[in-house]
Amino acid sequence: MTVYLVGAGPGDPGLLTRRAAALLVRADAVVYDRLVDPAVLSLARPGAELVDVGKRPGPGAPPGAESQRAINDLLVDMGHRVDVVVRLKGGDPFVFGRGGEEAEALSAAGVRWEVVPGVSSALAVPALAGIPVTHRGVATSFTVVTGQVGSRKSSEGSDPVPGGGREREEDWRRLAGLEGTLVVLMGVAARAELAAGLIEGGRRPDTPVTVIERGATPAQRVVRTTLAELPTVALDPPAVVVIGPAAAMDLTLGAPNAPNAPNAPNAPNALAPLAGVTVVVTRPRHQAGSLADALSAAGARVLLVPATEIEGPSDGGKALAHAAAAAAGYDWVAFTSANAVERFVPLMRDGRDLAGVRLAVVGQGTQDALTRHRLVADLSPGLSAGPGAAGLVSCFPDPPPGGGTVLWPCAEGAGDALAAGLTARGWRVDQVAAYRTVAAAPPPVAVADALAGAQAVVFAAPSAVRAYVAMSGPDGEPVPVPPVVVCIGPTTASTARDLGLVVAAEPPTPSPDALLESLRTALAGVLAATPRPAAEPEPQPDSP
Ligand code: SAH
């Protein structure tokens with residue numbers, strides 16, 4: 001039993017460490033803070049218990065708000081009972097995250113713990129806004145402080161004593177003497193004191209200041225100002241305040257993909273055409289990877305909300321094992337899904353079991369699955385043959401004079417489109433269940449809540465549309481369907497229409513490029529109309 005104090009990075013799941021991502025997939029429980037992005041939480045193992053200990057400071061604090069001591073107790077308790085506990089914190093767990101105190105509490109209670117450092121917002125958020133915190137000739141050092149500088153603590157160390165503004169300004173005056181870049185976390189509320197103190201301490205009023213709200217998320221907003229103007233600019237937490245000559249820099253302007261670069265392609269940002277967009281991916285978790293990666297690479301925030309999962313067939317796989325043992329006797333084996341390949345091929349004792357058998361595939365994903373098993377398809381209908389099973393039937397050869405046999409491992413309840421088509425052509429077809437698609441468990445609360453802010457959803461199978469539409473959130477209400485619905489494949493699209501959804505795009509091929517292109521076009525109108533998310537409350541000194 002171990003408690004892992006894990007840094008979740010500043011928001012974008014692409015900025016998780018590999019170790020953090022691996023632990024999320026293994027975790028039995030994830031205890032997370034308010035600053036952890038739902039896109040990161042959506043990576044947690046299904047069935048993992050997600051515990052929200054986000055402290056919402058101030059008068060509006062909900063009843064669930066926990067004090068740090070209660071969190072320590074919870075971690076100690078879970079550390080005694082639960083195998084893999086991930087304590088997930090925004091950025092790095094030991095940078096204003098109170099991770100150090102949690103480690104001490106765990107040690108004192110004899111609970112094993114490990115720290116998994118994270119990408120801190122203090123460095124990553126300025127970087128993403130084009131600001132290097134050190135730069136030759138501009139800044140040779142940086143200092144990271146909390147905006148709560150100088151706030152005094154009670155002897156308990158947990159409750160802030162309302163600190164006098166004068167005392168705090170005194171601390172800012174001392175910080176003014178430091179060279180280099182000053183990076184302030186939790187600085188939004190204190191910005192007036194901070195600016196006054198730094199100016200009194202000797203910093204010039206026109207010192208460049210850049211504030212980055214919600215860095216590394218689709219809602220990132222960058223405000224460039226000066227120390228003198230800082231108190232008057234409208235800002236919402238969470239934000240990083242960067243002060244000093246480096247804050248005047250914006251390296252993104254010189255990048256070839258910058259909006260105003262002379263050689264920029266026509267897109268607002270050619271490398272990140274989906275920047276600012278949250279896309280829900282409904283594929284089963286083990287198959288969502290390539291789609292999610294393509295979307296993230298295009299700048300989208302991806303929420304994994306699997307609508308279906310894949311399980312063994314209801315006969316426990318007996319019929320499939322039987323068919324596999326007899327595979328050598330068939331003329332053809334036809335695969336219409338990667339799942340069927342993954343379930344069937346490993347049942348071969350030896351590559352020679354398929355020696356005289358020809359293989360037919362439908363779909364690129366199916367083909368890729370065969371390739372992973374070092375098998376080459378003999379027949380793969382091109383796009384011109386038409387989509388799906390019909391395409392395969394139309395280009396299938398005629399059976400030999402004495403009759404021929406086809407084995408079709410497929411999803412349980414898949415319908416018999418392929419079998420009927422080939423039978424009509426004179427083949428004998430044995431259709432056998434290789435797997436079963438079942439509805440997935442509903443998403444955890446934090447992920448379900450984030451669905452309302454998503455702009456698009458991608459469905460790659462009719463079963464996914466049906467399961468998503470039938471899925472209810474933690475409140476018992478159906479989960480919201482984002483405004484832009486993208487369906488891969490005509491059958492998926494017609495299922496969506498039958499269920500009353502408006503299908504905005506139907507990529508002609510299942511390739512990531514086609515998907516990205518249709519998403520971009522379909523989203524064009526929606527994006528402009530999307531409201532900004534509500535501001536987060538600023539953490540208090542004891543509760544980052
Ligand atoms: N451990 C965290 C910091 C926790 S303190 C880390 O290493 O990043 C919380 C403060 O971090 C916020 O008030 C804000 O100043 C900053 N912060 C964290 N994530 C941020 C983000 N995505 N964008 C802007 N500021 C962020």
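## Starting in a loop: R98 and M186

Let's begin at R98, which sits in the loop between β4 (84–89) and α4. This is a predicted model, so everything here describes that model. What is the sign of phi at R98? Phi of R98 is near 60 degrees, a positive value, and R98 is a residue other than glycine. Its relative accessibility is 11%, and because buried means under 20%, R98 counts as buried.

M186 tells a similar kind of story. Look for M186 in the loop that runs between β9 (181–185) and α7 (191–200). Phi of M186 is near 55 degrees, again a positive value in a residue other than glycine. Is M186 buried or exposed? With 10% relative accessibility, M186 counts as buried.

## The chain as a whole

Time to step back for a moment. The chain has 544 residues, and 49% of them count as buried. Its secondary structure comes to 17 helices and 22 strands.

How much of the contact in the chain is between residues that are 24 or more positions apart? Taking the contacts with a separation of 6 or more, such residues account for 69%. The places visited below include several pairs of that kind, such as W332 with F396, whose parts are 64 residues apart in sequence.

## A cluster of rings

The model has 4 aromatic pairs. One of them is W332 with F396, a tilted pair at 4.8 Å centre to centre, with 50 degrees between the planes. W332 belongs to strand β16 (residues 332–335), while F396 is in the loop between α12 (388–395) and β18 (404–411), so the pair ties together parts that are 64 residues apart in sequence. Both partners are tucked away from the surface in terms of accessibility: W332 counts as buried at 3%, and F396 is buried with a relative accessible area of 3%.

F396 has another ring partner, W427. What kind of pair do F396 and W427 form? They are edge-to-face, 5.4 Å centre to centre and with 80 degrees between the planes. This pair also links distant parts of the chain: F396 is in its loop between α12 and β18, and W427 is in strand β19 (residues 427–439), 31 residues apart. W427 is buried, just as F396 is. Put the ring pairs together and W332, F396 and W427 are linked into a cluster.

## Where two helices pack

Now for a pair of helices. Helix α3 (residues 68–81) packs against helix α4 (residues 99–108) with the axes 9 Å apart and an angle of about 45 degrees. That angle makes α3 oblique to α4. As for handedness, α3 passes α4 in a right-handed crossing.

Which residues meet at this contact? From α3 come Q68, I71, N72, L75 and V76, and from α4 come E101, E102, A105 and L106. The residues of this contact divide into 5 nonpolar, 2 polar and 2 charged.

## Two alanines

Let's visit two alanines, starting with A464 in helix α15 (residues 462–470). A464 counts as buried, at 3% relative accessibility. What does A464 touch, apart from its neighbours within four places in sequence? A464 is in contact with T282, A307, T308 and F459. T282 is 182 residues from A464 along the chain, yet the C-alpha atoms of the two are separated by 6.5 Å.

The other alanine is A321, placed in helix α9 (residues 318–325). Its relative accessibility is 39%, so A321 counts as partly exposed. A321 and A434 are 113 residues apart in sequence, and from C-alpha to C-alpha they are 9.1 Å apart in space.

## A cis bond between prolines

One last stop is the peptide bond that joins P237 and P238. What form does that bond take? The bond is cis, with omega at about -5 degrees. As for where to find it, P238 lies in the loop between β11 (221–226) and β12 (239–243).

Notes: Residues numbered from 1 in each chain as written. Predicted model: local features only at pLDDT ≥ 70, side-chain atom pairs only at ≥ 80, totals over all residues. Heavy atoms only, no water. Phe/Tyr/Trp six-rings, centres within 6.5 Å; stacked < 30°, edge-to-face > 60°. Helix = DSSP H or I, 4+ residues; strand = E, 2+ residues; numbered from the N terminus. Buried < 20%, exposed > 50% of the residue type's maximum accessible area, 1.4 Å probe, protein only. Contact = heavy atoms within 4.5 Å. Axes fitted to C-alpha atoms, helices over the stretch in contact; angles between N-to-C directions. Parallel < 35°, antiparallel > 145°, perpendicular 65-115°, else oblique. Left-handed = near helix turned anticlockwise from the far one by under 90°. Nonpolar A, V, L, I, M, F, W, Y, C, P; charged D, E, K, R; others polar.
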